[in-house]
Each structure stands twice: as structure tokens, then as C-alpha cells.
Amino acid sequence: MSISNQDVHHIARLARLGISDEEVEIYADNLSRILDLVAQMNDVDTDGIEPMAHPSDVSLRLRDDTVSETDHRDEFMGIAPASENGLYLVPKVIE
Amino acid sequence: MPHNHTLLELSKKLRSRDISALELCTHFLDRIEGDTKLNAFITSDTERALQQARVADDALNSGSASPLTGLPIAHKDIFCTKGLKTSCGSRMLDNFISPYDATVVERLAKEGVITLGKTNMDEFAMGSSNETSWYGPVANPWDTSRVAGGSSGGSAAAVAARLVPAATGTDTGGSIRQPAALCGLTGLKPSYGRVSRYGIVAFASSLDQAGPIAQTAADAALLFDAMAGFDPRDSTSLDKKFEAASSSLEKPLKGLKIGLPNEFFDSGVDSDVGAAVQAAVARLCELGASAVNIALPNSAAAIPCYYVIAPAEASSNLARFDGVRYGYRTNDPVDLTDLYERSRAEGFGAEVKRRIMIGTYALSSGYYDAYYLKAQKIRRLIATDFDRAFAQCDVIAGPTTPTTAFKIGEKMDNPVSMYLNDIFTSSVNLAGLPALSIPVGFSGSGLPIGMQLIGPYLDEAKLLNVGHCYQQTTDWHRHVPGEFA
């Protein structure tokens, strides 16, 4: 399985990862090698096998809809790179 | 010297007041401070540790102490620790001071365990050599030109060099067992659901489990019993009661059936490693066990399957690092996309980005069935192989790793050769089973060799029992690298 430079750009865009032009070739090579390893899965016949998403087959627990936490807003916002008046700051989205 | 003792021995000394918690804490802090070769720690926390030690001494003097009170340990830097840097080995979290404690940290602290610091690790636990850490590689105390293993490499190196008597780790594809094996230690990866994942920075949520890295199986049992148990804050935590693993350590091995999978003893295993593991099995047989050959026919597919599932889950989990709410943020972003893309490009290292890319690709439109769905089906086949095997045996034994510790830098050029380190360990995570690595000898060049024992779901007590009985008649676990003795 070979990954093209164009594929690399597309995947990086989906993953919101900035990639420099010099890195594209390296990613294409590395990802192709990993996909060659992954392609060994095709040696296994999986017809009719039920997929396993998780080691515990039990359904997720539900809890009562009650307040279990106190307010930590100031602590949590205190570690943000940029915040003001209880809001996270990001570059302008709407002109 | 206090550092040549196990947790249980130190616990006795604390209770008989041969040594105070403060003296013990100071001794180990000095050792951590004095080490210049290993790079095992990212953060040490002297003030808080000394404060915790004073509190422990009060409890020991007043008779209100638990068996763990006053014992110093270190936490892998993936566990959130309130008010203390939790970097996960990444530039992305280099400035992250956790606002809360992980359940594991909280539970151990409640028992009076003292946190000496946070250990180095592969970035976001992605690696098998501790070389992907933003803080640099960890050296193996047995040969400092070699890797300590990963991803819990700092924890393993710290315990092997007796900078701490024990430490916590996490294991997604072998990250407790592999470094334990390469450093001559005992490491337990518990069954999925036994130890709360709350407050552990998530890598692959259906595979991650936390466990102890210790000198002996008895010490691992002591820590495991304190770490494990139901936690309502982790939706995958098992709501069940269990007997303490420490209570069944001495059970005789008579009648124990050890399964030996042909697939784990093939030509890819170093001859020293294979021979040491065979000798360890022979020793267990002298103690009353018997060996049977079993098959795990889908073993070869475990690594390919793991390298779809783990990156897929990682690409989703690591989407949270966006430069907005916490962690690294790039300078002067021109717009929101630029903020995301550059914060992530600069905050993550090469291996993490590779895995995010692979995971994103495997989950992307048009490829889901060929990769993620196919991998989930293979995961089922691997789990079924284990179910069938455990109809014939009580535990499965084999090498933890195909080789002993390799040289720093040796495998960094080729990600795939690094991934093959986890060839015997990753299938256990896919199936959600418990497994233990114990030291069973040394190679011709003096490097430790580990044997992996895999148990049926929820039977970590059996693994620790077997490990303990083995350690009662061998002394591999007593060896300390000369330079650090």
C-alpha cells in the first residue's frame, strides 16, 4: 500500500496537523511502511466474524442524574493559554 | 541501605520504627537528585513528598497506618497529579498543571503512599523505547547505552536503579511488561476494567490499563490491591468485589497447567531469551506445575491489528489537544485553523503525529471497512484463541520480548521495526487479559530477560501467585545493576 503526497496532505488536513513541504515525503514513506505491516491483516479470513470493539462486552453503566461535582470553572480556565471573563480566546472566526 | 529493600521489607521497617517515613523519603529523594545518567524523572516533588512523609510518620506513630503508609513511589507522568506538572512526555503538556488527581494517585495517597515524582515516558505512551519523549530518552541501568524500554521506561529505570522501590505504569500494547522485562523487574498489566482509567491521559481507551512496576510479585500484588477496584468516574470500571491478590500468593503450584504457545517460541526469539524462559518453565514444573503445548493461531495478526486499533483510538482521543483549553498553543495564529494546525504540529512529536495520521486514515471515508472493521474482526479471533487456550491450561507462558534491551537510536529510523517489540504483548491488550512479566535470567552480555505469564480474564491473583512462588526459589529479582547497588 503506497500513500501519495496528496494523500498525506488530505489526512493531515483531516487531523488538523500542520505539515511542512519537507515533511510530506517522510510521512508518505513512513505511512506506506506502516500500511504494508497492517496489510498482513488480509492474510486472515474474517468472513462471518463478529467485530469486537471493546474487551468488556457489557453495556455501559447508567448513573443517576444528580449533581456530583462542584464548580471548578476558575481552576479549569486558569490553565488555558488565553482566556478572558470566563471565555476561551481564539482568533476571530467571523469577520 | 534502604534502597536495597522491597516495599514489603520497607513496610516492616517502618512499622518497627527502624526507619521513619521521613528518613526513607529523604534517602530516595537524594538518590533521584543524585542520578545524572538515566533521565528517569521528568518532575520530582521534594516539598510535597516531605510533607506527605511527616503525615505518614504521624499515622505510623499513632497506630492508624495502613500497610502502605510511608512507602515512597513514583508515578508515570501520564497520571494526573493535582497541582503538579503532568506532561505525558510531550511538549503539548509541558505547561500542564493538572487541576485534579487520577483515581490511582488518589487511592494510593489515601493509603499513605508518598509520591516522590513523575517518571519519564514515551510521548503520550506511544513507543517501546522511551526515545519519543520530549524530555529525551531514558537509559537502561543495566547498560546506559541501551534503552529502558517503553512506554513506562522512566518508571522501570527508576525501580531497576533503586531510585524508588516501585512505580506505577500504564500498558496499552506492552508498556508495563516490556520495560519491566528489559530492566529485570516485575510488571503487572491488569485485566481491562480492574484499574480505573480516570485521570490517566488517554491513548487508546479500549486497550489502556494501569498497573505496578515493582521488584517482586509480592510488591506488585500489594500495589495492585490498592490501585484496583470500582470507580464510578470510569464508565468501563468493573463494579465487582475481588479477593486481595496478596492473600493467595503462597498457594502451592501443584496441578498448575502452563500453556506454551508454539507461536511464542519461534525463530524470531533470541536464543538466550528462549533458553531462559524454557528454564523458568522447567523450574515451575519442579514446583508442581506441568506444561502443555497450546496454539494461538492468530498471533501473527496481533501487531497489524493493534496498529490499526490503537492509532484509530489515539487519533480520536488526541483531537482534544487544540491549543484552546489547555496545553501548548502556537504563537500569533492568523485564524482558527492555523491555531489548531500549528499548535498540534509544534506540540506533538514525530511518532505521535505518525499515529494520529495512521488512525485518521484508517477511520476516513472509504477505508473504515478495510482497516478498522477488519481489525475489530481479527481482535475477536485473537480473543477467541485465548478462550480456547484457557480451556487447556491455567496460565500461558512465553518470552515478554523477543530480544533483550537494544541500543539507544538503533530502531528510531524505522517505525515498523520498533513496533515489532510488542509482538508478544499487544494481543493481551486486544483481548483485555491480565499479564505479568517477571525476570528469569540474564543474557550472555548481562542484560535482563523477562518471562510473560498471561492469565484468564480477571485472574491476576493467579499470575501473582505463580510469580511469587517462582521468586521464592530464584533470585533474579534480587539482582541490582552494580553501579546503582
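1. A good place to start is Ala166(B), which sits in strand β6 (residues 166-171) of chain B. Please keep in mind that this is a predicted model. Ala166(B) has a relative accessibility of 0%, so Ala166(B) counts as buried. Leaving aside residues up to four places away in sequence, Ala166(B) touches Leu7(B), Ile73(B), Ala74(B), Val159(B), Ile213(B), Ala214(B) and Leu223(B). You can also look across to Asp219(B): the C-alpha atoms of Ala166(B) and Asp219(B) are 8.0 Å apart, with their positions 53 residues apart in sequence.

2. Next, turn to a pair of helices in chain B, α2 (residues 21-34) and α3 (residues 46-62), whose axes come within 8 Å and cross at roughly 155 degrees. The angle is over 145 degrees, and α2(B) is therefore roughly antiparallel to α3(B). The crossing of α2(B) past α3(B) is right-handed. On the α2(B) side you will find Ala21(B), Leu22(B), Cys25(B), Thr26(B) and Leu29(B), and their partners in α3(B) include Ala49(B), Leu50(B), Ala53(B) and Leu60(B). By class, this contact of α2(B) with α3(B) brings together nine nonpolar, two polar and two charged residues.

3. A second helix pair in chain B has another geometry to look at: α9 (residues 302-317) and α11 (residues 350-363) pack with axes 7 Å apart, at an angle of about 100 degrees. Since that angle falls within 65 to 115 degrees, α9(B) and α11(B) are roughly perpendicular to each other. From α9(B), the contact uses Tyr307(B), Val308(B), Pro311(B), Ala312(B) and Ser315(B), while α11(B) brings residues including Arg355(B), Ile356(B), Gly359(B) and Leu363(B). Here the contact of α9(B) with α11(B) divides into eight nonpolar residues, three polar and one charged.

4. Now for the aromatic rings: over all chains, the structure holds 16 aromatic pairs. In one of them, Phe264(B) and Phe424(B) have ring centres 5.0 Å apart and planes at 40 degrees, so the pair is tilted. This pair links distant parts of the chain, 160 residues apart: Phe264(B) is in the loop between β9 (257-261) and α8 (271-286) of chain B, and Phe424(B) is in the loop between α13 (415-419) and α14 (426-431) of chain B. Both of these residues, Phe264(B) and Phe424(B), are buried.

5. Another tilted pair is formed by Tyr361(B) and Tyr367(B), with ring centres 4.5 Å apart and planes at 35 degrees. Tyr361(B) is buried at a relative accessible area of 4%, whereas Tyr367(B), at 31%, is partly exposed. Elsewhere, ring pairs join Phe96(B), Phe124(B), Phe321(B), Tyr326(B) and Phe348(B) into a cluster.

6. Finally, some backbone details deserve a look. Most residues other than glycine have a negative phi, and most peptide bonds are trans. Asn39(B) is not a glycine, yet has a positive phi of about 60 degrees; Asn39(B) lies in the loop between α2 and β1 (41-44) of chain B and is partly exposed at 31% relative accessibility. Cys88(B) also has a positive phi, near 55 degrees. You will find Cys88(B) in the loop between β2 (72-76) and α4 (103-110) of chain B, buried with a relative accessible area of 0%.

7. One peptide bond to check by eye is that from Gly150(B) to Ser151(B), which is cis with omega near 10 degrees. Ser151(B) belongs to the loop between β5 (143-147) and α5 (153-160) of chain B.

Note on methods
Residues are numbered from 1 along each chain as its sequence is written. Chains are lettered from A and ligands numbered from 1 in the order in which they are written. This is a predicted model: local features need pLDDT of at least 70, side-chain atom pairs count only at pLDDT 80 or more; totals for chains, interfaces and linings use all residues. Side-chain values use heavy atoms; hydrogens and water are left out. Axes are lines fitted to C-alpha atoms, for helices over the stretch in contact, and angles run from 0 to 180 degrees between N-to-C directions. Helices (H or I, at least four residues) and strands (E, at least two) are DSSP runs, numbered from the N terminus. Angles under 35 degrees count as roughly parallel, over 145 as roughly antiparallel, 65 to 115 as roughly perpendicular and the rest as oblique. A crossing is left-handed if the near helix is turned anticlockwise from the far one by less than a right angle, and right-handed if clockwise. Contact means heavy atoms within 4.5 Å. Ala, Val, Leu, Ile, Met, Phe, Trp, Tyr, Cys and Pro count as nonpolar, Asp, Glu, Lys and Arg as charged, and the others, Gly among them, as polar. Rings of Phe, Tyr and Trp (its six-membered ring) pair if their centres lie within 6.5 Å; planes under 30 degrees apart count as stacked, over 60 as edge-to-face and the rest as tilted. Buried means under 20% relative accessible area, exposed over 50%, partly exposed in between (1.4 Å probe, protein chains only).
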